[in-house]
There are 2 protein chains.
Amino acid sequence: MTALPTHLFEALDHVGIAVTDLDEAIAFYRETYGMTLAHEETNPEQGVREAMMTVGDPEHPHSHIQLLAPLSPESSIGKFLDRSGPGIQQMAYTVSDVEAVSQALRDKGLRLLYDEPRRGTAGSRINFIHPKDAGGVLVELVEHAADTAH
Amino acid sequence: MTALPTHLFEALDHVGIAVTDLDEAIAFYRETYGMTLAHEETNPEQGVREAMMTVGDPEHPHSHIQLLAPLSPESSIGKFLDRSGPGIQQMAYTVSDVEAVSQALRDKGLRLLYDEPRRGTAGSRINFIHPKDAGGVLVELVEHAADTAH
Ligand SMILES: [Co+2]
Ligand SMILES: [Co+2]
């Protein structure tokens with residue numbers, strides 16, 4: 001396990017936004033805000049079709065907006081849309097070692113959603129802090145795949 | 001007016017989180033996540049007591065979390081807490097010229113909350129996109145004061 005710095009999180013990785021129609025949302029972010037589509041994929045385990053839009057200069061991305069559309073009404077995003085409508089659903093921090101950070105947070109009494117990291121966007125490894133232990137915020141921890149620029 | 005790049009937003013400036021007790025929230029972000037308090041102030045015009053917590057290495061901040069506690073139940077944050085409870089309330093993009101970006105968005109048919117920028121954190125100038133025109137997201141635009149590192 002890596003020795004962790006005092007600041008457990010390296011960066012604001014992305015803000016995740018629940019949308020009903022992914023293509024429409026991509027078009028809005030592109031045409032209205034001038035953002036670039038960095039990546040698009042379907043993640044059946046997370047029950048989403050998703051797109052990462054680049055925040056900042058696309059040559060030197062600062063961060064991302066993750067647009068999340070549900071694969072089914074029973075998925076997390078499907079339920080979120082049903083309860084709250086479209087809007088901010090989660091925020092994600094970049095971590096260097098998702099297992100070490102998860103364990104450090106468990107040691108401080110926080111519950112994580114998964115016992116082991118799962119597969120996130122573009123081969124990343126992710127876990128989530130339970131919103132009840134994080135001031136009502138769904139916090140995702142993202143360890144990027146070694147070969148992925150971010 | 002500055003000529004704007006295609007990407008209207010330079011960076012993910014901060015994510016704003018509604019909290020009931022600011023001191024408790026600062027202590028949680030500090031002790032649990034290892035974040036540093038960058039700035040604290042009361043903004044009567046916005047009806048908040050707020051704190052900016054640094055995301056990333058405090059020597060080279062990547063972004064911030066803005067903890068927002070209401071000055072009164074009738075303030076925006078007071079109403080948000082009443083409706084939704086504590087959690088993510090807004091997200092903010094850094095812009096180089098808040099007037100130019102606001103006007104570019106108005107030209108695309110979006111409503112901004114203010115006719116003229118108002119005073120945000122640490123002397124910044126801010127405006128907000130109406131959530132109904134931004135996919136349910138309360139989007140803040142932040143032009144930092146010239147002498148403020150961010
Ligand atoms: Co995410
Ligand atoms: Co703000």
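**Exercise 1. The loop between E6 and E7**

Task: In this predicted model, locate Ala122(A) relative to the strands of chain A, and describe its backbone and its exposure.

Solution.
1. Ala122(A) sits in the loop that runs between strand E6 (118-119) and strand E7 (125-129) of chain A.
2. Its phi is positive, about 55 degrees, although the residue is not a glycine.
3. The relative accessible area of Ala122(A) is 30%. Buried would require under 20% and exposed over 50%, so Ala122(A) is partly exposed.
4. In chain B, Ala122(B) lies in the loop between strand E6 (118-119) and E7. Ala122(B) also has a positive phi of about 55 degrees without being a glycine, and at 29% relative accessibility it counts as partly exposed.

**Exercise 2. The cobalt site of chain A**

Task: Identify the donors of the cobalt ion (ligand 1), classify their arrangement, and state which parts of the chain Gln66(A) and Glu140(A) tie together.

Solution.
1. The cobalt ion (ligand 1) is coordinated by NE2 of His14(A), OE1 of Gln66(A), OE1 of Gln90(A) and OE of Glu140(A), at 2.0 to 2.1 Å.
2. The four donor atoms subtend angles of 75 to 170 degrees. A tetrahedral assignment would need all angles between 85 and 135 degrees; the arrangement around ligand 1 is irregular.
3. Along the sequence, the donor residues follow the spacing H-x51-Q-x23-Q-x49-E.
4. Gln66(A) belongs to strand E4 (residues 63-70) of chain A and Glu140(A) to strand E8 (residues 139-143) of chain A, so this pair ties together parts 74 residues apart in sequence.
5. Gln66(A) and Glu140(A) are both buried.

**Exercise 3. The cobalt site of chain B**

Task: Carry out the analysis for the cobalt ion (ligand 2), from its protein donors to their angles.

Solution.
1. The protein donors are His14(B) through NE2, Gln66(B) through OE1, Gln90(B) through OE1 and Glu140(B) through OE, lying 2.0 to 2.1 Å from the ion.
2. The angles subtended by the four donor atoms run from 75 to 171 degrees, which makes this arrangement irregular.
3. The donor residues of ligand 2 are spaced H-x51-Q-x23-Q-x49-E in sequence.
4. His14(B) in strand E1 and Gln66(B) in strand E4 of chain B form a pair that links distant parts of the chain, 52 residues apart.
5. Both His14(B) and Gln66(B) are buried.

**Exercise 4. Two helices of chain B**

Task: Determine which residues of H2(B) are buried and how they are distributed about the helix axis; then describe the packing of H3(B).

Solution.
1. In helix H2 (residues 76-84) of chain B, the buried residues are Ile77(B), Gly78(B), Phe80(B) and Leu81(B).
2. Viewed down the axis of H2(B), these residues fall within an arc of 165 degrees, so they line one face of the helix. An α-helix has 3.6 residues a turn, so residues three or four places apart point the same way.
3. The face turned away from the buried side carries the exposed residues Asp82(B) and Arg83(B).
4. The buried residues of H2(B) pack against strands E1 (11-18), E3 (48-55), E4 (63-70) and E5 (87-94) of chain B. Just after the helix, Gly85(B) takes a positive phi of about 75 degrees.
5. Helix H3 (residues 98-107) of chain B has Val98(B), Ala100(B), Val101(B), Ser102(B), Ala104(B) and Leu105(B) as its buried residues. They pack against helix H1 (22-33) of chain A, and against strands E7 (125-129) and E8 (139-143) of chain B.
6. At the start of H3(B), a side-chain oxygen of Asp97(B) comes within 3.1 Å of the backbone nitrogen of Glu99(B). Gly109(B), with a positive phi near 95 degrees, follows the helix.

**Exercise 5. The nonpolar core and Asp21(A)**

Task: Which residues have the most contacts inside the largest nonpolar core, and where does Asp21(A) lie?

Solution.
1. The largest nonpolar core has 66 residues, and Ile65(A), Leu67(A), Ile65(B) and Leu67(B) have the most contacts inside it. H1(A) gives the most to this core, with five residues.
2. Leaving aside residues up to four places away in sequence, Leu67(B) touches, among others, Ile17(B), Val19(B), Leu22(B), Tyr29(B) and Met53(B).
3. Asp21(A) lies in the loop between strand E1 (11-18) and H1 of chain A, and is partly exposed at 33% relative accessible area.
4. A polar side-chain atom of Asp21(A) lies 3.0 Å from the backbone nitrogen of Glu24(A).

How values were computed:
Residues numbered from 1 in each chain as written. Chains lettered and ligands numbered in written order. Predicted model: local features only at pLDDT ≥ 70, side-chain atom pairs only at ≥ 80, totals over all residues. Heavy atoms only, no water. Buried < 20%, exposed > 50% of the residue type's maximum accessible area, 1.4 Å probe, protein only. Helix = DSSP H or I, 4+ residues; strand = E, 2+ residues; numbered from the N terminus. Arc of directions from axis to C-beta. Contact = heavy atoms within 4.5 Å. Donors = N, O, S within 2.8 Å, 3.2 Å for Na, K, Ca; no water. Tetrahedral: all angles 85-135°; square planar, octahedral: opposite > 155°, others 65-115°. Polar contact = N/O pair within 3.5 Å; in protein donor to acceptor, adjacent residues only side chain to side chain. Core = buried A, V, L, I, M, F, W, Y, C linked by side-chain atoms within 4.5 Å.
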